[in-house]
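Trainee: Could you take me through the empty spaces in this model, one at a time? I would like to know what lines each of them.

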Amino acid sequence: MRTVNRWHNLLVVVVALIAGATMVPVVWALFSSFKNDTEIFGDPLGLPAQWRWENFRTVWTSGDFGTYFVNSAVIAVAVTLLTVAVTCPAGYAFGKLTTGRSNGLFYAYLMVMTLPGEAIMVPTFYQLREMSLVDSRVGLGLILVAGGVPLGVFIARNFFRDLPNELIESARVDGAGDWRIFRSVMLPLAKPAVLAVGVFSFLGAWNEYQLALLLLFSQEKRTIPLGLVQFQGQYSSDSGALFAGIVLAMIPSILVYVVLQRSFTRGLVAGALR
């Protein structure tokens, strides 16, 4: 018993150290968002001598941050909804409506996850150009959905597969078809998996940089990651405002994860258990 307690205490210490190390950049960015350049470079780890809330006003107005924020929000929400709408029926079909060929099709489908994004960026650009979707939020959103669907299907399929088949059989006895069974019986039970897919999709779309840099040219269509880079180049002497923009960009991601943390964890564990 003492040995178990010692290992438990050691594990708690290790987890606490990892969590503390993870929080250091976040806390540093938060404090730096209230400083001026002299404090940031002269005392990077210290508290602000004066809490400069005007840094947030500067980045929101002078840096055109509001436009970037709206663009990122629209793209992230649209990508999340469309990814969930595609992955849930596909995951149910692969998990419950299996045939002899479905497993092979499923694993072939998952091979998309093994492709590095950099390897398909050039053909993606030319394909979207042929479809007149370059410099378009729609084009970027469709590519993000295509990239997020394989992982979402993997999570949803494994979650649906673990649900009791007796529920489907009972619904069939009552005369329900496949779509009714999925919509009214199985989907409500798969809420953790749905939320897990939604969190992954939202965070991926919100933080996307490479594809946004490749596809978005117009100033009014840029997202937050692109806006922060441009802000740094244009306002390099105002590092406090830059850190204020970073803090504002982190807030939606933190809120989404904190609100959905429990369901996200349950869905992720259930989707990866097998």
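Mentor: What follows takes the enclosed space, then the two open ones, then a loop beside one of the lining helices.

This is a predicted model, in which local features need pLDDT of at least 70 and side-chain atom pairs count only at pLDDT 80 or more, while totals for chains, interfaces and linings use all residues. Residues are numbered from 1 along each chain as its sequence is written, and side-chain values use heavy atoms, with hydrogens and water left out.

Rolling a probe the size of a water molecule over the atoms shows where empty space is left. The search uses a 1 Å grid over the protein atoms alone: a cavity is a set of points where a 1.4 Å probe fits but cannot get out, and a pocket is an open set with protein on both sides within 12 Å along at least five of seven lines. A residue belongs to the lining if it has an atom within 4 Å of a point. Points are joined across faces, edges and corners, and the volume is the space filled by probe spheres set on them.

By this rule there is one cavity of 30 Å³ or more. The largest cavity holds about 40 Å³ of space. Its lining consists of Ser72, Ile75, Ala76, Leu140, Leu144, Ala205, Glu208, Ala212 and Thr223. Two elements, α4 (65-96) and α7 (137-162), give two or more residues to this lining. Helices here are DSSP runs (H or I, at least four residues), numbered from the N terminus, and strands are runs of E (at least two). Helix α4 gives the most to the lining of the largest cavity, three residues. By class the lining has six nonpolar residues, two polar and one charged. Nonpolar covers Ala, Val, Leu, Ile, Met, Phe, Trp, Tyr, Cys and Pro; charged covers Asp, Glu, Lys and Arg; the others, Gly among them, are polar.

The largest pocket has a volume of about 670 Å³. It is lined by 26 residues, and the closest to its centre are Ile143, Leu144, Ala146, Gly147 and Gly148. Leu144 is thus a name you have met in the cavity lining. At least two lining residues each come from α4, α6 (121-130), α7, α10 (191-206) and α11 (210-215). The most, seven residues, come from α7. The lining of the largest pocket divides into 15 nonpolar residues, nine polar and two charged.

The second largest pocket holds about 220 Å³. Around it stand Thr22, Met23, Val26, Met250, Ile254, Tyr257, Val258 and Gln261. The elements giving two or more of these residues are α1 and α13 (239-259). Helix α13 has the largest share, with four residues. Six of the lining residues are nonpolar, two are polar and none is charged.

Last, the loop between α6 and α7. Most residues other than glycine have a negative phi. Serine 132, in this loop, has a positive phi near 60°. Aspartate 135, also in the loop between α6 and α7, has a positive phi of about 60° as well. Serine 132 counts as exposed because its relative accessibility is 63%, and aspartate 135 counts as buried because its value is 16%. The cut-offs are under 20% relative accessible area for buried, over 50% for exposed, and partly exposed in between (1.4 Å probe, protein chains only).
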